[in-house]
Amino acid sequence: MTRGQRRVNQEFDLTKKVRVRNSCEVKFLSEVNNRLTPLQVACLNRTPFRWTPEIPDDLTICGPLLLQLALRWSDNSGGFRIRSTIVPFTPVDVCLALCVPIVGQKVSFDESAMSHTRSLLEGDRIKVSNIMQQLDDLNGDEDVEDFCRLYLLLAFAEFYFPWTSSIVNTRLSRAHEVLSEGRNSSQVHIVGCVAVLQLWAIQHLSMCPTGLHSSFNLFPRFKSWQNMHRPTKDIQSAFDTNGVVYDAGVTANEIKQFPVLKKAMDEALCGYHNCPAMSWRMQDLATMKPRGWVCNTVFLLAPRVFMADEIGRCGYDAVIAELELFENGLQKRWTSRSFRDLLHDATTIDQLRPCNLVFAPALFQNHWFCYVLDKEREKMFVLDSLGSKSRQQRMKLDNAMSHLGELLHIIKPNAQRSSADFVMEYVDLPRQRNSHDCGIYVLKYMEAWDGVTIYGDKTMPEYSLKDIHVIRT
């Protein structure tokens, strides 16, 4: 049991006596949705909130789920603590759940400001009952624009920003603080559109009911809303045992079809790809233990974390290509045809074009190493913790990877080196000290290698067995 699990289990004692309340509901909004006219719907379709009429009528928030999320919230990391890791909660998750733009002009809320919409309330306070009364009086076609203004105000007040909250996770930090310190033994109120949090948990903890996984891919995600009626112990068990999905689950088709989602992805600097969402399982994480042989799933998921960190620090100057190569149970056998398909994949090429480095971890005869395409130096580097002594055995693999010379000319049209002159260079690196740490070395290459000689005459530092143990844990 990790330190994080022990802490959550201790906090779980609170869940037997603490009730989590929220203000996110759709009682009045559903009533209005059921009597919208085609003209009113057409008017709403011209706004960023065109999906609001499709919010489910029976939307119910699961209290025990909110309590677990509040207990596990990490304000510093901006995510939820699940076992020994932090799973981020990002603006993309909000956009996916609600289809609201996260890129645009910041709006300052001024209660004293006057506007046309406010004047429609005839001086009354802005509250749901007053909005409903005015909506009942605006039923004619000539009133459609004013009706839609008040309709959206109702949606803000009841669903998107209940309790005048201007952000979705407002007071989540406060709730975590109160629960962690045991300052309230009866109830905690989390303000904001907490429906987003429930949708986040369903996606990232694989909590979607059996048989509904495909329907959960509807956009926005609230269109596939499923109420959860599970006891507290089952909710906690899901956090302790379910596979953790790090991928937001965005598909290439969604990126093409919904510009608001593409803008959200670009703003969050998280990239996207065509492969399906992958998840960490406990047996995958176990391969990081001392003397463990790092499994394929770790190499499919860890690069996404490295890429997000690199983009956050430096912008789009590095990307990791997850190419499954040749042997030992990986998903695809790379051939000349495979590379031709890659070179004609417009989405992948667009993603690679602004990048300086492309990393491709490879597995050959139970040994991990890594190819790197360096766009600036117009070279292919091979990073291998065993050096080049196994080069003869994998000559066919090196020949196949030489096709990345063609990729170089696509992402860098003015490249000086021709594909025929493409150079593959084995880098002189510190050697691994045993027979089972090759995967750890490659993960460190993918995280830190940039070809700059800053460690004596090497481009990577020497790792002691103690250093490797620390990296694994």
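## Burial and basis of the model

A residue is called buried when its relative accessible area is under 20%, exposed when that area is over 50%, and partly exposed in between, with a 1.4 Å probe and protein chains only. Cysteine 148 is buried by this criterion, with a relative accessible area of 4%, and cysteine 438 likewise counts as buried, at 2% relative accessibility.

The model is predicted, and local features need pLDDT of at least 70, side-chain atom pairs count only at pLDDT 80 or more, and totals for chains, interfaces and linings use all residues. Residues are numbered from 1 along each chain as its sequence is written, and side-chain values use heavy atoms, with hydrogens and water left out.

## Nonpolar cores

The largest nonpolar core (buried Ala, Val, Leu, Ile, Met, Phe, Trp, Tyr and Cys residues joined through side-chain atoms within 4.5 Å) has 82 residues, of which Leu65, Leu98, Phe159 and Met207 touch the most other members. Helix α8 (residues 144-160) supplies the largest share of this core, 11 residues; helices are DSSP runs of H or I with at least four residues, numbered from the N terminus.

Beyond its neighbours within four places in sequence, phenylalanine 159 has contacts (heavy atoms within 4.5 Å) that include Cys24, Val26, Leu98 and Cys193. A second, separate core of 26 residues includes Val298, Leu357, Val372 and Met446.

## Cysteine sulfurs

With a disulfide taken as a pair of cysteine sulfur atoms within 2.5 Å, the count comes to 0. For cysteine 148, the closest cysteine sulfur is that of cysteine 43, and the separation of 3.4 Å is too far for a bond.

Conventions. Helix = DSSP H or I, 4+ residues; strand = E, 2+ residues; numbered from the N terminus.
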